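Please examine the sequence and the structure shown here before reading the explanation.

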Amino acid sequence: MKFKISQIFIIILFVINGCGQKKDNSSSTSKKESLMLNTGSYTINLSKSKLLWTGKQVSTKKHYGTINIKKGGIQVTDKGFINGDIEIDMLTINTTDIKGRGKENLDGHLKGPDFFDVMEHPVAYLKFQGNQNNYQNGELKFEGELTIKNITHPLSFNSKIEKIDDKLNANAEVIFDRSLYDVRYGSGKFFDNLGDRLIYDEISLDVLVVTN
């Protein structure tokens with residue numbers, strides 16, 4: 001059987017269009033992730049939940065440790081809104097990467113007036129809001145605010161949330177600028193010529209929340 005050049009051209013166009021349609025159909029049938037949380041209030045399990053902090057100096061030296069959660073809870077509404085409220089016990093600031101006299105000195109320094117002044121401001125607050133309908137790529141974005149030393153600033157972060165039976169596990173990295181909360185020691189925003197004594201303003205909090 002012989003084909004004219006025009007017939008061959010029409011066949012090629014038909015094949016190309018058919019392939020394009022198959023590709024479009026496959027992309028349109030992709031499933032959107034969903035996070036189906038039970039409506040109600042969740043109390044944070046204080047013994048299983050953790051706050052891990054990390055602070056760094058310009059000399060590449062870094063310290064890390066823990067802070068206890070004093071109390072907190074998460075509420076999920078029937079429309080999928082998630083509201084969280086955590087109280088942080090600043091009196092429990094604890095350095096875990098060093099021991100002995102060095103640890104005692106650093107713990108005392110972090111709790112003192114040059115840093116978080118925990119005797120005057122023993123509690124910090126983290127509040128956040130999100131919508132489970134915006135869950136994608138295994139994470140949910142939250143908008144919130146952090147209060148330290150009675151100073152409040154907005155922040156945002158992504159959290160991985162896992163539902164196990166009627167409990168929630170959530171993990172997030174929250175990064176904040178300490179200089180915004182009048183924590184000035186070793187900050188290049190307030191002091192010049194610090195050299196390798198400069199301490200970065202950004203502090204990272206790895207937040208692990210387990211609910212009852």
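The paragraphs below discuss confidence, a cluster of rings and one lysine.

This is a predicted model, in which local features need pLDDT of at least 70 and side-chain atom pairs count only at pLDDT 80 or more, while totals for chains, interfaces and linings use all residues. Residues are numbered from 1 along each chain as its sequence is written, and side-chain values use heavy atoms, leaving out hydrogens and water. The pLDDT is the predictor's confidence in each residue, from 0 to 100. For the protein chain its mean is 80, and 75% of the residues reach 70 or more. Over residues 21–31 the pLDDT is below 50, and this stretch has 0 contacts (heavy atoms within 4.5 Å) beyond near neighbours in sequence. Where pLDDT is low, the predicted coordinates should not be read in detail.

Rings of Phe, Tyr and Trp (its six-membered ring) pair if their centres lie within 6.5 Å; planes under 30 degrees apart count as stacked, over 60 as edge-to-face and the rest as tilted. The count comes to 5 aromatic pairs. One of them, Phe128 with Phe142, is edge-to-face, at 5.3 Å centre to centre and 80° between the planes. Phe142 is buried (under 20% relative accessible area, with exposed over 50% and partly exposed in between, for a 1.4 Å probe and protein chains only), at 3%. The rings of Phe142 and Phe157 have centres 5.7 Å apart and planes at 25°, so this pair is stacked. Ring pairs thus link Phe128, Phe142 and Phe157 into a cluster.

Lys149 is buried yet has no salt bridge (a side-chain nitrogen of Lys or Arg within 4 Å of a carboxyl oxygen of Asp or Glu); the nearest side chain of opposite charge (Lys and Arg count as positive, Asp and Glu as negative, with His and the chain ends not counted), Asp182, is 4.2 Å away. The backbone oxygen of Asp182, however, lies 2.9 Å from a polar atom of the Lys149 side chain.

Notes:
Polar contact = N/O pair within 3.5 Å; in protein donor to acceptor, adjacent residues only side chain to side chain.
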